[in-house]
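Reader: I should like to learn how the features of a protein model are read, one at a time. Could we begin with contacts between charged side chains?

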Amino acid sequence: MNAIVHIALTKEEILTALTTALQQNFTDNLRNRHPNVALDSKLRGYVGELAFKKWAKSHGIEFKESNIKDNSSGMDIDFVFESGSKKLDIELKTSLIPDVDQDLQEMMNRRDIKLIRRKHKKVEELDGDVHVQIAFTQLRLRKDDWLKKQRIDFDSDIEDIYDQLAAYRYEKDTFLMGWIDKPSLIVQINNKPQHLQKWKYGMREFWTCNLQKHAKKPLTLIAYLNTKP
């Protein structure tokens, strides 16, 4: 657990993320989820971005841009880091703990950075130069079941929605798990037998990158970004 970094957030920061989430059409791309589940999922995305930016800034790292669309690929880029001639697109992944895992350490042992394989592309064609995984200490299925039972008035005061959604939990539940750069990912994938390179969940395929074995420790990301090209 020593490698995992806890990122403490304030109520004001969570309210900012919640305000942004409420302003978005949060049902898009969320597979027709229950409105409460969809809102919480969108909120987690913004909380993760805010937390990662806050953590990076505490180590002297500033990003040139965030939340931009790459016109060539049509994909969203979470962060752009530039230093001299170095330019890196950073993708941020956020996840709840699978219920069967119960805690962060078991999640570290059993789970991967979320690296979606799109359209049967090779790993060399994966978008993004750096992939970062954040996790929240909440159980996914249990959280979804709880959310579906809540009466949340989306038109009420932001403070009321904050309480109804139990958004205050994100102030203490946010953890940076690890990261991987694309060159390292390509090497570790190509060194594996083909049947161990990918895994499936539902209709999606993912590249394997175990958080314990293959992901890099959070603090090493700072040195990686600060290294001259």
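Author: In this predicted model, K93 forms a salt bridge with E91, and the closest N and O atoms are 2.7 Å apart.

Reader: Are K93 and E91 buried or exposed?

Author: Both K93 and E91 are buried. The structure holds 11 salt bridges, and others are worth reading in the same manner.

Reader: Which residue meets R111 in a salt bridge, and where do the two partners lie?

Author: The partner of R111 is D101, with 2.7 Å from N to O. This pair links distant parts of the chain, 10 residues apart: R111 is in the loop between α3 (104-110) and β5, whereas D101 is in the loop between β4 (86-97) and α3. Burial is judged by relative accessible area, with buried meaning under 20% and exposed over 50%. D101 has a relative accessibility of 3%, so D101 counts as buried. R111 has a relative accessible area of 25% and is therefore partly exposed.

Reader: How does the salt bridge between R169 and D173 read on the same scale?

Author: The side chains of R169 and D173 meet at 3.0 Å, N to O. R169 counts as partly exposed because its relative accessibility is 34%. D173, at 10%, counts as buried.

Reader: Which residues are linked in a network of salt bridges?

Author: D40, R44 and K143 are linked in such a network. K143 also belongs to the buried residues of helix α4 (residues 140-148), together with D144 and L147.

Reader: Why are the buried residues of α4 said to be on the same side of the helix?

Author: The directions from the helix axis are compared. The buried residues cover an arc of only 100 degrees around the axis, and therefore they lie on the same side of α4. Among the elements that cover these buried residues are α2, β4 and β6 (130-139).

Reader: Let us turn to aromatic rings. How many aromatic pairs does the structure hold, and which case is instructive?

Author: There are 8 aromatic pairs in the structure. In one of them, F52 and W55 are stacked, with 6.1 Å from centre to centre and 25 degrees between the planes. The angle decides the label, because planes under 30 degrees apart count as stacked.

Reader: Where do F52 and W55 lie along the chain?

Author: The general idea comes from helix geometry. An α-helix has 3.6 residues a turn, so residues three or four places apart point the same way. Here, F52 and W55 both lie in helix α2 (residues 35-58), 3 residues apart, which is about one turn of the helix. Both F52 and W55 are buried. F52 and W55 also form one aromatic cluster with F63 and F79.

Reader: Which charged residue lies over the face of Y224?

Author: K86 lies over that face, at 5.5 Å from the ring centre of Y224.

Reader: Finally, how should one read a sheet?

Author: Strands of a sheet pair through backbone hydrogen bonds, in either the parallel or the antiparallel sense. In this model, an open sheet of 3 strands runs in the order β5-β9-β8, and the pairing is antiparallel. The edge strands are β5 (116-117) and β8 (198-201), each of which pairs on one side only.

Reader: How many bridges join β8 and β9?

Author: β8 and β9 (residues 204-207) pair over 4 bridges in the antiparallel sense. As an example of the register, K200 has E205 in β9 as its bridge partner.

Terms used
Residues numbered from 1 in each chain as written. Predicted model: local features only at pLDDT ≥ 70, side-chain atom pairs only at ≥ 80, totals over all residues. Heavy atoms only, no water. Pairing = 2+ DSSP bridges. Helix = DSSP H or I, 4+ residues; strand = E, 2+ residues; numbered from the N terminus. Phe/Tyr/Trp six-rings, centres within 6.5 Å; stacked < 30°, edge-to-face > 60°. Buried < 20%, exposed > 50% of the residue type's maximum accessible area, 1.4 Å probe, protein only. Lys NZ or Arg CZ within 6 Å of the ring centre and 35° of its normal. Salt bridge = Lys/Arg side-chain N within 4 Å of Asp/Glu carboxyl O. Arc of directions from axis to C-beta. Contact = heavy atoms within 4.5 Å.
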